[in-house]
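These are my notebook entries on a single model. I set down what I looked up, in the order in which I looked it up.

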Amino acid sequence: MIFGRSERGKPPVEPVTLKILVAGGFGVGKTTLVGAVSEIRPLRTEELLTEAGRPVDDTSGVEGKRTTTVAMDFGRITLREDLVLYLFGTPGQERFWFMWDELSEGALGAVVLADTRRLEDCFAAVDYFERRSIPFLVGVNCFEGAPRYPVEDVRQALDLDEGVPLLMCDARDRESVKEALIGVVQHAMAYAADRRRSVTT
């Protein structure tokens, strides 16, 4: 099957496919982000929250949340004719973190979503990607009613290295999400180039 597109008289373009993770705490907007930008119907593995899960699922700040991702979300977006991103949303709850190692295999980079009402919920994701040297970008999801802080204040609160991009985004808005995805691809490419230079010098 040929996935590339072609103009008359030209061979089809076989796109480069890249894997991007979407991570962050419980209820931060990962499923929403994948759904907002995917050009295919997203694959979702959501289950209803139950009373039995209340002792382990902290819903403070997201009291209206009724479902949770138990495996992953999956979507796809074509950024250019020759560049396709496969998006994998990770589960946010600690009891599903064992899946992160499988999902991160072969990933170019990651978007870590943060909520200013619960910044501490994204610490685990930031730590995960730092420890594994997977380049990532932090996107502060601008929820309605959530306090807004200057980017540098958020960077300091998360104790991010200067080289880690941080931006404000809206996980519901396709263009905002595309900007974040382009940002993580550019950051990952620059990160790889820096590592190659450090090896050769």
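Entry 1. Pairing of β5 and β6

In which sense do strand β5 and β6 pair, and over how many bridges? I note first that the model is a predicted one. I found that β5, residues 109-114, pairs with β6 in the parallel sense, and that the pairing runs over five bridges. I then looked for the partner of A110 and found F136 in β6. I followed the chain from β5 to β6 and saw that it passes through helix α3, residues 123-131. I recorded this β-α-β crossover as right-handed.

Entry 2. The other neighbour of β6

I turned next to strand β7, residues 166-169, which pairs with β6 in the parallel sense over four bridges. Within this pairing I found V140 opposite M168 of β7. I also traced the connection and noted that β6, helix α4 (residues 151-158) and β7 form a β-α-β unit, again with the right-handed sense.

Entry 3. Burial of β6

Is β6 largely enclosed or open? I checked residues 136-141 and found six of the six buried, so the strand is largely enclosed by the rest of the structure. I took "buried" to mean a relative accessible area under 20%. I then sorted the side directions: F136, V138 and V140 point one way from β6, while L137, G139 and N141 point the other way. I noted that the residues of both sets are buried.

Entry 4. The chain as a whole

I stepped back to the overall content and counted five helices and seven strands in the protein chain. From the N terminus I read the order as β-α-β-β-β-α-β-α-β-α-β-α. For burial, I recorded that 45% of the 201 residues count as buried. I also looked up the contacts with a separation of 6 or more, and noted that residues 24 or more positions apart account for 71% of them.

Entry 5. Helices α1 and α5

Two packed helices are described by the angle between their axes and the distance between the axes. I looked up both values for helix α1 (residues 30-37) and helix α5 (residues 174-200): the axes come within 9 Å and cross at roughly 100°. Angles of 65 to 115 degrees count as roughly perpendicular, and α1 and α5 are therefore roughly perpendicular to each other. On the α1 side of the contact I listed L33, A36 and V37, and on the α5 side R174, V177, K178 and L181. By class, I recorded five nonpolar and two charged residues in this contact, with no polar residue.

Entry 6. V37

I examined V37 of helix α1 separately. I found V37 buried, with a relative accessible area of 0%. Setting aside residues up to four places away in sequence, I saw V37 touch R76, I77 and L87, and also R174, V177, K178 and L181. For one of these partners I looked up the C-alpha separation: V37 and L181 are 144 residues apart along the chain, and their C-alpha atoms are 9.7 Å apart.

Entry 7. S104

I located S104 in helix α2, residues 100-104. I noted S104 as buried, at 10% relative accessibility. Which residues are in contact with S104, leaving aside neighbours within four places in sequence? I listed K19, L21, Y128 and I134.

Entry 8. Two residues with positive phi

Most residues other than glycine have a negative phi. I therefore recorded S133, a residue other than glycine whose phi is positive and near 55°, and looked up its place and exposure. S133 is in the loop between α3 and β6, and at 33% relative accessibility S133 counts as partly exposed.

I made a like entry for D159, which has a positive phi of about 55° and is not a glycine. I placed D159 in the loop between α4 and β7. Is D159 buried or exposed? I found D159 exposed, with a relative accessible area of 62%. Finally, I looked up D159 and F123, which are 36 residues apart along the chain, and noted a C-alpha separation of 9.4 Å.

Definitions and conventions. Residues numbered from 1 in each chain as written. Predicted model: local features only at pLDDT ≥ 70, side-chain atom pairs only at ≥ 80, totals over all residues. Heavy atoms only, no water. Buried < 20%, exposed > 50% of the residue type's maximum accessible area, 1.4 Å probe, protein only. Pairing = 2+ DSSP bridges. Right-handed = clockwise from strand over helix to strand, strands pointing away. Axes fitted to C-alpha atoms, helices over the stretch in contact; angles between N-to-C directions. Parallel < 35°, antiparallel > 145°, perpendicular 65-115°, else oblique. Contact = heavy atoms within 4.5 Å. Nonpolar A, V, L, I, M, F, W, Y, C, P; charged D, E, K, R; others polar.
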